[in-house]
Amino acid sequence: MQDWHYCAAVHVVIMGCGRVGSTLARSLEDRNHTVSVIDSNPDAFRRLGPSFNGTKVTGYGFDQAVLTEAGIQRGDAFAAVSSGDNSNIIAARVARETFGIDHVVARIYDPGRAEVYQRLGITTVATVKWTADQVLRRLLPAGAEPDFRDPSGTIRVDQVPAPEGWVGRRSVTFQEQSSSRIAWIDRLGEGTLPTRETVLQEGDVLHLVMREKDATGVYDVLKKGPAAE
C-alpha cells in the first residue's frame with residue numbers, strides 16, 4: 001500500500017470545483033503534488049485563484065475522454081466532490097474500474113448510499129452525516145460519540161482528557177486495565193506517541209482506540225481510576 005505521508009509527488013484528478021474541490025486542489029498544490037480539476041461550469045475555476053498551476057478541464061468527470069484530458073492515466077488518485085451524488089459515484093466507479101485508480105474518494109450526501117458504496121470498496125465522505133457527527137461530538141459528554149468509527153462498527157477512536165485519577169500513572173497501566181490502546185497523546189500542543197515509560201500528565205488529551213463493545217468498560221476504568229496493582 002502506498003505511503004502517502006512519505007511518497008513523492010503524485011497526480012490527483014478532482015471532479016468538482018466548488019468550495020471543497022477548490023480547497024482540496026490548492027492544498028494538494030501547496031504540498032507539491034500536481035492536480036487536474038474537472039467541472040462542467042468553466043466559471044467555477046475562478047475559485048482556484050490566479051496562483052493555481054494545475055490543469056482545468058471543462059466537462060463531466062464520468063466522461064472517459066474528459067478524464068483522459070485530465071491525465072487520469074498517470075493519476076495516482078481521484079476525488080469526486082461535485083454537488084451530485086449520482087455523478088460522484090459514477091465518476092468514482094469509472095476512475096476505479098476503467099482506469100484502475102486505487103485511491104478513489106466520493107463525496108456523498110446520502111449516508112445510507114455512502115455505506116453501500118463503502119462496502120463496495122469506494123471510500124465515501126457522507127457530507128451531512130459527517131457535519132452532524134462533528135456537531136454532536138462537541139455537544140455531548142466525552143464518549144457519547146466517537147471521533148471515528150470504522151465502517152463495520154467494530155472499532156472506535158475517542159478523544160478524552162486524562163482524568164485526574166490517572167494523572168501520574170503510566171499509560172501502559174491504563175491500557176492494560178481498560179483493554180484499550182492510546183494511539184497518541186496531545187500534550188502541550190504537540191502529538192506524542194506513548195511508550196511503556198510514558199506517564200500521564202495533567203492536561204493530556206488521550207486518543208483512545210477501543211472495540212465498540214468494550215466502550216462502557218473503558219469509560220468505567222477512566223472514571224474509577226487505576227485498580228490496585
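The following paragraphs lead the reader through a predicted model of a protein chain, from its overall make-up to its two sheets and some single residues.

Local features are reported at pLDDT of at least 70 and side-chain atom pairs only at pLDDT 80 or more, whereas totals for chains, interfaces and linings use all residues of this predicted model. Residues are numbered from 1 along each chain as its sequence is written, and side-chain values use heavy atoms, with hydrogens and water left out.

The chain contains 7 helices and 11 strands. Helices (H or I, at least four residues) and strands (E, at least two) are DSSP runs, numbered from the N terminus. Of the 229 residues in the chain, 40% are buried; buried means under 20% relative accessible area, exposed means over 50%, and partly exposed lies in between (1.4 Å probe, protein chains only). Among the contacts in the chain with a separation of 6 or more, 52% are made by residues 24 or more positions apart, a contact being heavy atoms within 4.5 Å.

One sheet is open and has 6 strands in the order β3-β2-β1-β4-β5-β6, with parallel pairing. Two strands are taken to pair if DSSP finds at least two bridges between them. At the edges of this sheet are β3 (55-58) and β6 (123-126), each of which pairs on one side only. On average, neighbouring strands of the sheet are turned by 15° against each other, direction ignored. Such angles run from 0 to 180 degrees between N-to-C directions, and the axes are lines fitted to C-alpha atoms, for helices over the stretch in contact. Strand β2 (residues 34-39) runs parallel to β3 and is joined to it by 4 bridges; Ser 36 has Thr 55 in β3 as its bridge partner.

Two helices that pack on this parallel sheet may be followed next. Helix α1 (residues 19-30) touches β1 (11-15), β2, β4 (77-80) and β5 (103-108), and its direction makes about 170° with that of β1. Helix α3 (residues 85-98) packs on the sheet as well, touching β1, β4 and β5, and its direction makes about 170° with that of β5.

The other sheet to be described is also open, with 5 strands in the order β7-β8-β11-β9-β10 and antiparallel pairing. Its edges are formed by β7 (148-149) and β10 (190-192); each has a single partner strand, so one side of each is left without a neighbour in the sheet. Strands β7 and β8 pair in the antiparallel sense over 2 bridges, and the bridge partner of Arg 149 is Arg 156 in β8. Arg 156 also stands opposite Met 210 in β11. Strand β8 (residues 155-161) and strand β11 (residues 205-211) run antiparallel and are joined by 7 bridges, and Val 160 stands opposite Leu 206 in β11. Helix α7 lies across β8 and β11, running at about 145° to β11.

Helix α7 also has a helical partner. Two packed helices are described by the angle between their axes and the distance between the axes. Helix α6 (residues 171-178) and helix α7 (residues 215-224) pack at an angle of about 135°, with their axes 9 Å apart. The two helices are therefore oblique to each other, given that angles under 35 degrees count as roughly parallel, over 145 as roughly antiparallel, 65 to 115 as roughly perpendicular and the rest as oblique. Phe 174, Gln 177 and Ser 178 of α6 make the contact with Val 218, Val 221 and Leu 222 of α7. By class, this contact has 4 nonpolar, 2 polar and no charged residues; Ala, Val, Leu, Ile, Met, Phe, Trp, Tyr, Cys and Pro count as nonpolar, Asp, Glu, Lys and Arg as charged, and the others, Gly among them, as polar.

Some single residues complete the account. Most residues other than glycine have a negative phi. Asn 32, although not a glycine, has a positive phi of about 70°. Asn 32 lies in the loop between α1 and β2 and is exposed, with a relative accessible area of 61%. Ser 179 likewise has a positive phi, near 60°. Ser 179 is found in the loop between α6 and β9 (181-187) and is partly exposed, with a relative accessible area of 45%. Gln 118 belongs to helix α4 (residues 111-119) and is partly exposed, its relative accessible area being 27%. The C-alpha atoms of Gln 118 and Val 105 are separated by 9.7 Å, the two residues being 13 residues apart along the chain.
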